Structures are given as C-alpha cells and as structure tokens.
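Please open the model in your viewer and keep the sequence panel beside it. The tour moves from the whole chain to single residues, with a selection to make at each stop.

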Amino acid sequence: AAITTKEKKNLLQKMTRFEQLGNADLMSMYLELVLAMLPSLSRQGGEATVNQMAGAAITTKEKKNLLQKMTRFEQLGNADLMSMYLELVLAMLPSLSRQEMAQIEQCFMTGLRSPNSQIRNKFFDIFNRSVKRDLYERLVYIFSTQNWDTLSNSFWLKQALDLLLSIVLQDDDILLSPRTSTLPPSHRSSSSSSSS
C-alpha cells in the first residue's frame with residue numbers, strides 16, 4: 001500500500017517525538033521500532049534507492065532532522081539501539097552531498113567513537129578517505145579545519161592520531177632526516193671503569 005505525503009509527514013513527526021515518552025525503557029522500545037521501520041521507508045522494491053517511499057520521498061531535510069534528533073540515543077546507554085542508529089547513518093551517507101554531510105557532522109562523529117569496533121572502523125574509513133593523504137594537509141585539517149566539539153566529552157585525540165597514522169606507509173622504514181640533530185654516542189669514561 002502506498003503512503004501519501006501527509007501520512008509520511010505525520011509518521012516523521014511522530015518519530016521525532018520519542019523524547020516525550022519519558023521512561024527510558026519505553027523510549028528504547030519505541031526507538032527500536034522506528035529504526036526497524038526506517039530502512040523499509042527508504043527502500044523501493046527491496047533495493048535501496050534515493051530514499052523513495054511508495055509515493056512520497058523522504059527529503060534530505062527530513063533525514064537530517066531525524067538523524068540529528070536520534071543522536072540522543074547515545075544517552076540511553078543501549079548499545080544495540082546505538083548500533084542500529086549508526087548503521088542507519090552509514091546507510092544514508094551515500095545519498096547525501098558533501099554540504100548535507102557537514103550538516104549531520106555530529107551524527108557522523110558519534111560513529112567515530114562507537115564502542116562497536118566494526119561500526120567505528122566503517123566510519124573511520126569514510127573519515128580517512130575524506131581528508132587528503134598529505135601529512136601537511138592532515139595536520140591543517142586536524143588543528144584548523146575540523147571542529148572537534150562534538151567529541152569534546154571523549155578523548156578526540158585518538159581520532160586525530162588515527163588520521164595521522166593512517167598515512168604512514170607500513171612497508172617503509174621510518175628514518176631520521178640527514179639534517180636531524182643527533183646526540184653523540186655515550187661513552188663510558190675510562191676512569192669510571194678502572195675504579196671498579
């Protein structure tokens with residue numbers, strides 16, 4: 001059965017009011033239901049498309065608003081619910097433009113600190129590909145461009161270091177530059193060895 005634009009609008013409005021439920025367990029059950037429904041709302045004929053519902057498309061603005069409100073999942077402490085949410089964010093990323101992705105940066109950065117290593121690695125792969133592989137460019141990105149506020153309540157340096165270390169060629173030896181200052185080798189003095 002096709003869903004009308006009005007029905008879609010009502011459904012999306014109800015989905016975003018989950019915080020009014022009050023009880024955390026009830027909210028978790030409601031959110032699990034919403035997350036279970038969303039993939040079917042963004043598919044047509046069983047195949048992922050540009051988030052078409054039968055008769056009414058979920059607009060980018062609606063997706064963005066829903067994803068931003070769902071960042072509250074992290075506060076519930078439900079790992080399964082959070083994993084479902086982050087998988088949904090991953091599924092929606094390919095259909096978003098670079099500008100739209102910037103608008104849901106908080107959702108994306110939440111994925112970088114996920115306790116689920118598989119999901120965290122998927123987010124990091126996207127993050128890593130989005131920044132030039134030049135050391136200087138990455139340093140500028142880390143210290144000037146990227147706003148780390150969304151990760152301020154966690155140890156965000158891990159993500160910054162991962163971004164830097166990901167460009168190190170693992171097959172090459174790390175060598176000091178010939179111009180690097182070095183300390184002379186330490187020698188034992190002959191007087192200290194003769195007094196023993």
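The stops below begin with the overall fold and then turn to a helix, a pocket and two individual residues.

**The whole chain.** Start with the protein chain coloured by secondary structure, keeping in mind that this is a predicted model. The chain holds eleven helices and two strands, and, read along the sequence, these elements follow the pattern α-α-β-β-α-α-α-α-α-α-α-α-α. Of its 196 residues, 31% count as buried, while the chain exposes about 13,000 Å², of which carbon and sulfur atoms supply 53%. If you display contacts between residues at least 6 apart in sequence, 63% of them join residues at least 24 apart.

**Helix 10.** Next, select residues 157–165, which form helix 10, and show the side chains of Gln159, Ala160, Leu163 and Leu164, which are buried. Turn the view until you look down the axis of this helix: the buried residues fall within an arc of 140 degrees, so they line one face of helix 10. To see what covers these buried residues, add helix 7 (105–112), helix 8 (117–129) and helix 9 (135–145), which are included in that cover.

**The largest pocket.** Keep those helices in view and move to the largest pocket, which has a volume of about 370 Å³. Helix 6 (98–103), helix 7, helix 8 and helix 9 are the elements that give two or more residues to its lining. Select Arg98, Met101, Ala102, Ser130 and Tyr141, which lie nearest the centre of the pocket among the 14 residues that line it. Colouring the lining by residue class divides it into eight nonpolar, four polar and two charged residues.

**Thr150.** Now select Thr150, in the loop between helix 9 and helix 10. Is this residue buried, partly exposed or exposed? Thr150 has a relative accessibility of 25% and therefore counts as partly exposed. Leaving aside neighbours within four places in sequence, Thr150 is in contact with Gln106, Met109 and Arg113. A C-alpha to C-alpha distance drawn from Thr150 to Phe108 should read 9.5 Å, although the two residues are 42 apart in sequence.

**Ser83.** Finish in helix 5 (residues 79–92), where Ser83 lies. Ser83 counts as buried because its relative accessibility is 18%, and the cut-off for that class is under 20%. Which residues does Ser83 touch, not counting those up to four places away in sequence? Show Asn116 and Ile119, the residues that Ser83 touches on that count.

Conventions. Residues numbered from 1 in each chain as written. Predicted model: local features only at pLDDT ≥ 70, side-chain atom pairs only at ≥ 80, totals over all residues. Heavy atoms only, no water. Buried < 20%, exposed > 50% of the residue type's maximum accessible area, 1.4 Å probe, protein only. Helix = DSSP H or I, 4+ residues; strand = E, 2+ residues; numbered from the N terminus. Arc of directions from axis to C-beta. Contact = heavy atoms within 4.5 Å. 1 Å grid on protein atoms, 1.4 Å probe; cavity = no way out; pocket = protein on both sides within 12 Å on 5 of 7 lines; lining within 4 Å. Points joined across faces, edges and corners; volume = space filled by probe spheres on them. Nonpolar A, V, L, I, M, F, W, Y, C, P; charged D, E, K, R; others polar. Areas by Shrake-Rupley, 256 points an atom, 1.4 Å probe, with all protein chains shown as cover.
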